[in-house]
Structure formats: structure tokens, C-alpha cells
Amino acid sequence: MKWTITILALALIVSAAMLNDTAAAADGSGEPLRLMRRPDIHNGTIAFVWQGDLWSVPEEGGIARRLTIHEGTENYPKFSPDGSQIAFTGSLNGRRSSLLVMPASGGRPKQLTYAT
């Protein structure tokens, strides 16, 4: 009896987790719920990672703007103290992870370090 209850409880937890991953957005658009990763915030703007690229969105919500489009993966965005730039790690053009910086409004990243 204990095993039956345990298995049913575990199945319920797994089902709830699966439903959460495929939940629709709260605005009723039917789009799947997408969660930002590794956010940083400065003066009402949030920079975050989604699908390996950097994005920004106003803190009050709205449409996110894609800041990078590269073959590699960008991670860990951090605003500069004045908010004019975003530093992040990335593996551009298949190279190993490096430290990069770019304007917070978007633009071409500048590579600061080179991994060997």
C-alpha cells in the first residue's frame, strides 16, 4: 500500500512538472511559456539569455529585443555600472569561451579575452 501511494505521488509530481514546461503564456496567446535565464537588471531594463543569445526587455514587460545572433552561445550578461554596455561570456565562431562587451542597445560585440 505504501509503495502504491509513493508511486502515485511521484507520477503526480512528474506530470505537474511536464505540464509546467508546456504551459501556455498567461496572455492567452497560446504560445509556450519561455523562461529567461541568468538575468541582470539596470535602470528598468533586464538583460537575459534565451536560446543561447542575449536579449533585453523593459522591467515592466513587453516585447523582448534580441541583442546577439551568433553560432556560439552567450551567457552571464552583466550591465556596466553606468548601464551603457553589457559584458558577457561567449563562444563566437566556435572558439572557446571568452569575455566580450557590447553596447546595451545592441551592436557588434568586442572580444576582450582570448581563450587558447
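These legends describe close-up views of a predicted model.

**Figure 1. Overall make-up of the protein.** The predicted model holds 1 helix and 8 strands. Along the sequence they follow the pattern α-β-β-β-β-β-β-β-β. The protein has 116 residues, of which 29% count as buried. Among contacts with a separation of 6 or more, 20% link residues 24 or more positions apart.

**Figure 2. The open sheet β1-β2-β3-β4.** Four strands form this sheet, in the order β1-β2-β3-β4, and the pairing is antiparallel. Its edge strands are β1 and β4 (65-66), and each pairs on one side only. Strands β1 and β2 are joined antiparallel over 4 bridges. Across this pair, Arg37 stands opposite Val49 in β2. Val49 also belongs to the largest nonpolar core.

**Figure 3. The open sheet β5-β6-β7-β8.** This sheet also has 4 strands, ordered β5-β6-β7-β8, with antiparallel pairing. At its edges lie β5 (74-79) and β8 (110-111), each pairing on one side only. Strands of a sheet pair through backbone hydrogen bonds, either parallel or antiparallel. Here β5 and β6 pair over 4 bridges, in the antiparallel sense. β6 and β7 also run antiparallel, joined by 6 bridges. Gly90 of β6 has Ser98 in β7 as its bridge partner.

**Figure 4. The β5-β6 hairpin.** β5 and β6 form a hairpin with 5 residues between them. In the turn, Gly83 has a positive phi of about 80 degrees. Two bridge partners can be picked out in β6. Asn75 is partnered by Thr89. Lys78 is partnered by Ala87. Both of these partners, Ala87 and Thr89, lie on the uncovered face of β6.

**Figure 5. The two faces of β6.** In a regular strand the side chains alternate between the two faces of the sheet. Which residues of β6 are on the covered face? They are Ile86, Phe88 and Gly90. The uncovered face carries Gln85, Ala87 and Thr89. Ile86 and Phe88, from the covered face, are also members of the largest nonpolar core.

**Figure 6. The largest nonpolar core.** This core has 11 residues in all. Its members are Ala47, Val49, Leu54, Leu67, Phe79, Ile86, Phe88, Leu92, Leu100, Met102 and Ala104. Which elements give two or more residues to this core? They are β2 (45-50), β6 (85-90) and β7 (98-103).

**Figure 7. Surroundings of Phe79.** Phe79 is a member of the largest nonpolar core. Sequence neighbours within four places are left aside here. Phe79 is in contact with Asp40, Ile41 and His42. It also contacts Thr45, Ile46 and Ala47. Gln85, Ile86 and Ala104 complete the list. Of these contacts, Ala47, Ile86 and Ala104 are core members too.

**Figure 8. Asp40, a buried acid without a salt bridge.** Asp40 sits in strand β1. Aspartate 40 is buried, yet it has no salt bridge. Lys78 is the nearest side chain of opposite charge, at 4.3 Å. That distance lies outside the 4 Å cut-off, so the pair does not count as a salt bridge. Instead, the Asp40 side chain reaches the backbone nitrogen of Phe79 at 2.7 Å. Not counting residues up to four places away in sequence, Asp40 touches Thr45, Ile46, Ala47, Pro77, Lys78 and Phe79.

**Figure 9. Two positive phi angles, at Arg38 and Asn43.** Most residues other than glycine have a negative phi, and most peptide bonds are trans. Arg38 has a positive phi of about 50 degrees although it is not a glycine. Arg38 lies in strand β1 (residues 37-42). Arg38 is partly exposed, with a relative accessible area of 29%. Asn43, not a glycine either, has a positive phi of about 45 degrees. Asn43 is in the loop between β1 and β2. Is Asn43 buried or exposed? Asn43 is exposed, at a relative accessible area of 71%.

**Figure 10. Leu99 in strand β7.** Leu99 is found in strand β7. Leu99 is partly exposed, with a relative accessible area of 35%. Leu99 and Phe88 are 11 residues apart in sequence, and their C-alpha atoms are 5.9 Å apart in space. Beyond its neighbours within four places in sequence, Leu99 is in contact with Phe88, Lys110, Gln111, Leu112 and Thr113. Among these contacts, Phe88 is part of the largest nonpolar core.

Definitions and conventions: Residues numbered from 1 in each chain as written. Predicted model: local features only at pLDDT ≥ 70, side-chain atom pairs only at ≥ 80, totals over all residues. Heavy atoms only, no water. Core = buried A, V, L, I, M, F, W, Y, C linked by side-chain atoms within 4.5 Å. Buried < 20%, exposed > 50% of the residue type's maximum accessible area, 1.4 Å probe, protein only. Contact = heavy atoms within 4.5 Å. Pairing = 2+ DSSP bridges. Lys, Arg positive; Asp, Glu negative; His and termini not counted. Polar contact = N/O pair within 3.5 Å; in protein donor to acceptor, adjacent residues only side chain to side chain.
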